[in-house]
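Student: Could you take a close look at the cysteines here and walk me through how they stand with respect to disulfides? I would also like some idea of the chain around them.

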Amino acid sequence: MESGKITLTIESDLAQVQHVGEAVRCLCSHLSLAEVKPSSVEMAVVEAINNSIEHAYASQAGNEIEVAFEYSNDVLNIVISDSGVPMPENVSGLFRKSEIAMPSSAVELECLPESGWGMQLLKTVCDDIEYQRLDNANRLCLSFKLSPLAA
Amino acid sequence: MNFKTEIKEDIAILTVVASRLDASIAPELKKVVAGIVGDGTTRLVLDLEKVDFMDSSGLGAVISSFKLTGQKGEFVICNMSEAVAEIFSLTHMDRLFEIYPSVDEGYQKMCA
């Protein structure tokens with residue numbers, strides 16, 4: 001498979017997020033990216049965009065979010081960029097796979113939090129997550145490993 | 001309209017009519033359930049048949065709905081698509097919620 005890059009831009013409006021999610025799912029299906037589950041990639045991208053809207057832009061519409069879909073033989077990188085407020089300085093540690101914390105079956109439903117699941121889902125479905133603050137912009141790269149197809 | 005409610009024998013059957021239960025409509029689900037409970041119905045069957053995508057905000061709204069009803073009555077979820085089942089599995093919610101393959105089965109459980 002050839003490498004490629006497709007870039008989408010949306011406004012910081014929660015009602016717009018589904019369009020990028022659906023586009024990403026279709027791209028994954030259309031490109032037949034081995035080892036990648038389109039619904040999982042869509043979920044990860046939606047969570048990252050929601051995070052930009054709700055935290056970087058404090059749910060204010062009228063701002064721009066760019067989603068770059070970059071693929072090659074062995075990796076799919078999806079880079080979500082915004083110009084909102086930076087993530088906390090310790091955020092890199094929060095993206096470590098080793099710190100996934102899902103509830104055990106002994107937990108009572110009444111004790112479950114109603115928010116904070118997005119970060120856990122991101123860490124579960126992505127192979128790697130990298131955050132950078134560059135030129136006053138947030139850049140979150142979600143990586144999914146691909147298995148090279150046999151020649 | 002993103003939600004439809006039917007009350008049968010003191011049990012609310014709440015159908016999510018939208019195809020996506022995401023951050024854009026999750027707050028509305030909480031309001032609808034709060035209204036149902038406020039009107040005196042604390043047993044609820046949540047029908048997700050039409051939902052083919054759910055994000056963490058949708059999941060949070062489902063947890064909130066349980067908390068609004070479950071402590072006083074009962075709360076079951078029915079008709080999950082493969083994609084919705086995936087988010088429940090990834091977060092281990094499939095081990096915590098009562099989930100049925102159809103509204104009829106969830107409703108019968110409530111009536112038993």
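Tutor: A disulfide is taken here as a pair of cysteine sulfur atoms within 2.5 Å, and in general it is a covalent bond between the sulfur atoms of two cysteines. This is a predicted model, in which local features need pLDDT of at least 70 and side-chain atom pairs count only at pLDDT 80 or more, whereas totals for chains, interfaces and linings use all residues. Side-chain values use heavy atoms, with hydrogens and water left out.

Over all chains, the structure holds zero disulfides. In A:Cys126, the sulfur lies 9.1 Å from the closest cysteine sulfur, that of A:Cys141, which is too far for a bond. A:Cys126 is also buried, at 1% relative accessibility, where buried means under 20% relative accessible area, exposed over 50%, and partly exposed in between, with a 1.4 Å probe and protein chains only. In chain B, the closest cysteine sulfur to that of B:Cys111 belongs to B:Cys78, and the 12 Å between them is again too far for a bond; B:Cys111 counts as partly exposed, at 43% relative accessibility.

As for the chain that carries A:Cys126, chain A has 151 residues, of which 43% are buried. Its secondary structure comes to four helices and five strands, counted as DSSP runs numbered from the N terminus (helices H or I, at least four residues; strands E, at least two), and these elements follow the order β-α-α-β-β-α-α-β-β from the N terminus on. With contact meaning heavy atoms within 4.5 Å, 66% of the contacts in chain A with a separation of 6 or more are between residues 24 or more positions apart.

Notes
Residues are numbered from 1 along each chain as its sequence is written. Chains are lettered from A and ligands numbered from 1 in the order in which they are written.
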